[in-house]
Amino acid sequence: MTASTHLAALTDFFDRYGVALTTGDLSAIAGCYALPGLVVAGTYSFSFTSPAAVTLSFVGAAADYRERELVAANAQIEDVQQVSALLTEVAVRWEFLDSRGRAVPGERYRYLLRATDDGPAICTVIRTA
């Protein structure tokens with residue numbers, strides 16, 4: 001098992017994560033995270049220690065996506081850096097599509113991914129813009 005810097009594997013992972021986000025599939029979202037996990041933003045940080053904690057932290061985001069009628073998410077991978085044999089850092093700019101077919105700009109994040117037997121898993125998320 002090694003960290004993936006192969007663009008197709010990373011694209012597949014973020015495609016699955018984007019579908020889980022926009023459909024509100026909290027179990028699938030939780031399955032994308034390594035535990036413990038960490039989210040860092042300019043004014044706050046929090047960690048996950050269980051799948052239930054991941055699920056609870058995304059309840060509000062799922063509701064926000066539904067309220068904004070976001071039906072699709074596309075991760076634009078901007079940079080990939082191999083950190084170690086098992087860790088990869090990926091810079092992503094998210095773009096969304098709403099129920100009327102309009103593009104909705106998203107935010108930028110840096111993800112630290114760990115290679116697992118099941119594929120990449122998010123260890124740390126940093127909101128960058």
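How many aromatic pairs does a search of the whole structure find? That one is picked up in point 6, after a walk through the fold.

1. First, a caution: this is a predicted model. Residue numbers start from 1 along the chain as its sequence is written.

2. Start with the sheet. Six strands make up an open sheet, and reading across it the order is β2-β1-β6-β5-β4-β3, with mixed pairing. At the edges sit β2 (45-48) and β3, each of which pairs on one side only. Neighbouring strands in this sheet are turned against each other by 25° on average, ignoring direction. As general background, strands of a sheet pair through backbone hydrogen bonds, either parallel or antiparallel.

3. Now the pairings, strand by strand. Strand β4 (residues 87-98) and strand β5 (residues 103-116) run antiparallel and are joined by ten bridges. Within that pairing, phenylalanine 96 has valine 104 in β5 as its bridge partner. The hairpin of β4 and β5 has four residues between the strands, and there glycine 101 takes a positive phi near 85°. Moving on, β5 and β6 also run antiparallel, with eight bridges between them, and the hairpin that joins β5 to β6 goes through two residues. Here tyrosine 111 has valine 125 in β6 as its bridge partner. On the parallel side, β1 and β6 are joined by four bridges; tyrosine 33 is partnered with isoleucine 122 of β6.

4. Two helices are worth tracing against the sheet. Helix α1 lies across β1, β3, β4, β5 and β6, and runs at about 145° to β3. Helix α3 lies across β1, β2, β3 and β4, and runs at about 125° to β2.

5. What fills the inside? The largest nonpolar core has 30 residues, and the members that touch the most others are Phe14, Tyr17, Tyr33, Trp94 and Tyr111. Two or more residues each come from α1 (7-23), α2 (26-31), β1 (33-40), α3 (51-67), β3 (70-82), β4, β5 and β6. The largest share is that of α1, with six residues. Take tyrosine 17 as a way in: leaving aside neighbours within four places in sequence, tyrosine 17 is in contact with Ile29, Cys32, Tyr33, Phe58, Trp94, Tyr111 and Ile122.

6. Back to the opening question: the search of the whole structure gives 15 aromatic pairs. One to look at is tyrosine 44 with phenylalanine 46: their ring centres are 6.0 Å apart and their planes meet at 10°, so this pair is stacked. Are these two rings' residues buried or partly exposed? Tyrosine 44 has a relative accessibility of 43% and therefore counts as partly exposed. Phenylalanine 46, at 31% relative accessibility, is partly exposed too.

7. How many disulfides does the structure hold? Zero. Cysteine 32 has its closest cysteine sulfur in cysteine 123, and because that sulfur is 12 Å away, it is too far for a bond. Seen from the other end, cysteine 123 is in no disulfide either, with the sulfur of cysteine 32 as its nearest, 12 Å away. Both cysteines are tucked in by the accessibility count: cysteine 32 is buried at 5%, and cysteine 123 is buried at 6%.

8. Finally, two residues in β6 to compare on screen. Threonine 124 is in strand β6 (residues 119-127), and valine 125 lies in that strand as well. Generally, side chains in a regular strand alternate between the two faces of the sheet. Is threonine 124 buried or exposed? With 17% relative accessibility, threonine 124 counts as buried. Valine 125 is buried too, at 5%. Leaving aside neighbours within four places in sequence, threonine 124 is in contact with Leu38, Arg110, Tyr111 and Leu112. On the same basis, the contacts of valine 125 are Tyr33, Leu38, Val39, Val40, Tyr109, Arg110 and Tyr111. Arginine 110 is 15 residues away from valine 125 along the chain, yet their C-alpha atoms are separated by 5.9 Å.

How values were computed
This is a predicted model: local features need pLDDT of at least 70, side-chain atom pairs count only at pLDDT 80 or more; totals for chains, interfaces and linings use all residues. Side-chain values use heavy atoms; hydrogens and water are left out. Rings of Phe, Tyr and Trp (its six-membered ring) pair if their centres lie within 6.5 Å; planes under 30 degrees apart count as stacked, over 60 as edge-to-face and the rest as tilted. Buried means under 20% relative accessible area, exposed over 50%, partly exposed in between (1.4 Å probe, protein chains only). A disulfide is a pair of cysteine sulfur atoms within 2.5 Å. Contact means heavy atoms within 4.5 Å. Two strands pair if DSSP finds at least two bridges between them. A nonpolar core is a set of buried Ala, Val, Leu, Ile, Met, Phe, Trp, Tyr and Cys residues joined through side-chain atoms within 4.5 Å. Axes are lines fitted to C-alpha atoms, for helices over the stretch in contact, and angles run from 0 to 180 degrees between N-to-C directions.
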